[in-house]
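Please open the structure in your viewer and keep the selection panel at hand. The stops below are given in the order in which they are best selected.

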Amino acid sequence: MRPFFVYLLRCSDSSYYCGHTDNLELRMQQHQAADTGYTATRKPVELMWQGEFETREGAIAFEQQVKGWSRAKKEALIAGNWDKIQALAKSKKAIRRELPVLSSDEGVEGVESDARLRQASFDSAQDGRLRRTQPERAGTVAGAALLHGILHGDAAAQRRAIAKAITLLESTRGDHRAQGDELLTALLPHTGKAFRLGISGVPGVGKSTFIEVLGLYLIAQGHRVAVLTIDPSSSVSGGSILGDKTRMEQLSVHERAYIRPSPSSGTLGGVAEKTREAMLVCEAAGYDIVIVETVGVGQSETAVANMTDMFVLMQLPNAGDDLQAIKKGVMELADLVVINKADIDADAAMRAQAQIASAMRLFGLVNNAMGQAQAATYDTFWHPQVIQLSALHNQGVDAFWAAVTQFRNIQTANGRLAERRRHQSLAWMWERIDAGLKQAFRQDPAVSALLPTLVADVESGRIPASTAARHLLAAQSGRATTAIK
Ligand SMILES: Nc1nc2c(ncn2[C@@H]2O[C@H](COP(=O)(O)OP(=O)(O)OP(=O)(O)O)[C@@H](O)[C@H]2O)c(=O)[nH]1
Ligand SMILES: [Mg+2]
């Protein structure tokens, strides 16, 4: 029988939203699409807890109770701390017997407040009606279930497990982080077999349109395709959480595709970290092509190039007219440049192709002349190419994939692909260490005590920035020696 879920969402105003459903995935999509449980000031942000019930009545009864719970009790539930829930319940025994108070926007249609439901206690939730809670109920049982779902679940179960795993990995809570690390470590032996393709370009160049046709083309060839996006700007603008899914209409509903929008909060480093981890989850689940899309803002191209096997830069046909606009650094990252929308103006597309190719030669990215000796290197080393296509009219996708395949074959044979991944893993480790150290530094009490004064001193020009930095570093973890005179 289909289970019923009770779930707790953390909202943008830090309150918790409790609901029940028999289709958790759909309900989460509805929450994201703002169809339900959504007000201007209160947006569900994160799935914090879910429990599975055998009967609808059991789910509703438990939901009613949770809605009447204090914040502390809800947080104990999220932490899987049943002892604490019981302790809190005992301390408020009198209140517990009363009808749970529903706040106006927490109401759920069809809930009968009959005596039976009112009497239902948390204990009964444990005695069989609550079948399972995961992954938030701490411990290895949940982790194992999740791992099994990702590696061996049937299509629907696997999809749910992937979503849950990624949600867990995106959580900023310390205990979730620990569970996430455990899960990733267990998944790692199952990763690495996919080809990781990065695609970047200015907004509107046609990335999503292209990924839709490319994804369907690859699925027709027997591949399974995961699409992840990195968009650090979404945390500023509030994000087009499901915007890209709607532009990948067929792909997003295809059972052999998995699309995950960009994490909607955090710095580029944080967003990139979560995307990288989501990529590993998808690989372990058997997606053999992982596409990471990014809009070309800030350093996001570098972040994507640093986590993929091949980096593709999409350009508009008029890009050649304004080469200044193309950042040299980004050009250097590109293994392949694609001129999209060639259908609009074939001549402009040809011009752009020639101009970008010659600019890449100027940058020294492609050999100038193809002498005998250089021609030989074309079989053993990859030289970035420039091609044209029309995503909208599905033209040039086969030529694109032929270039990708050639890249993959050449770079696998000459060892560059393996080297790139090794380099990326180590670079990633150091990047995370840097970020971790910085965070620990900022959280250090001695540092935060000293920081405002030193910031003011540097701003007013009283002491040099480098001196202030040295003092702060020395102050960390009680290492302070001499106070500033
Ligand atoms: N004529 C033409 N239009 C295209 C082509 N590819 C995409 N478009 C159109 O360009 C517009 C933007 O396409 P998207 O795929 O959303 O672009 P994007 O790069 O994903 O944009 P962001 O997600 O905003 O960064 C849409 O209206 C597409 O229909 C193409 O090859 N030819
Ligand atoms: Mg897009």
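Select Gly 461, which comes after helix H22 and has a positive phi, near 80°. The model in which this residue appears is a predicted one.

Step back to helix H22 itself, residues 445–459. How far apart are its end C-alpha atoms? They are 22 Å apart, and this agrees with the expected span of 21 Å because each of the 15 residues is taken to contribute 1.5 Å, with the span counted as 1.5 Å times one less than the number of residues. Now centre on Leu 451, where H22 bends by about 40°. A proline, Pro 452, follows within four residues of that point.

Next, highlight Val 447, Leu 450 and Leu 454, the buried residues of H22. An α-helix has 3.6 residues a turn, so residues three or four places apart point the same way. To see what covers these buried residues, display helix H21 (416–443) and helix H23 (465–475), which are among the covering elements.

While H21 is displayed, pick Ala 418, which lies in that helix. Is Ala 418 buried or partly exposed? It is partly exposed, because 13 other C-beta atoms lie within 10 Å, whereas a buried residue needs 20 or more and an exposed one has 12 or fewer. Add Asp 309 to the selection: it is 109 residues from Ala 418 along the chain, yet the two C-alpha atoms are separated by 9.0 Å.

Move now to the largest nonpolar core, which has 72 residues. Select Ile 150, Ala 165, Val 281, Cys 282, Val 290 and Val 312, the members that touch the most others. Helix H15 (residues 268–284) gives the most to this core, contributing 8 residues. For a closer view, centre on Val 290; leaving aside residues up to four places away in sequence, Val 290 touches Ala 194, Arg 196, Ala 226, Leu 228, Met 279, Cys 282 and Glu 283. A second core, separate from this one, has 24 residues, including Tyr 17, Phe 53, Val 66 and Ile 85.

Finish at ligand 1, which is surrounded by 18 residues. Label the closest of them: Gly 206, Lys 207, Ser 208, Thr 209 and Leu 392. Helix H11 (207–220) and helix H13 (243–247) each supply at least two residues of this shell, and H11 has the largest share, with 3 residues. Colouring the shell by class shows 6 nonpolar, 7 polar and 5 charged residues.

Note on methods: Residues numbered from 1 in each chain as written. Chains lettered and ligands numbered in written order. Predicted model: local features only at pLDDT ≥ 70, side-chain atom pairs only at ≥ 80, totals over all residues. Core = buried A, V, L, I, M, F, W, Y, C linked by C-beta atoms within 7 Å. Contact = placed C-beta atoms within 7 Å. Near = placed C-beta within 6 Å. Nonpolar A, V, L, I, M, F, W, Y, C, P; charged D, E, K, R; others polar. Bend = angle between axes of the 7 residues up to and from the residue.
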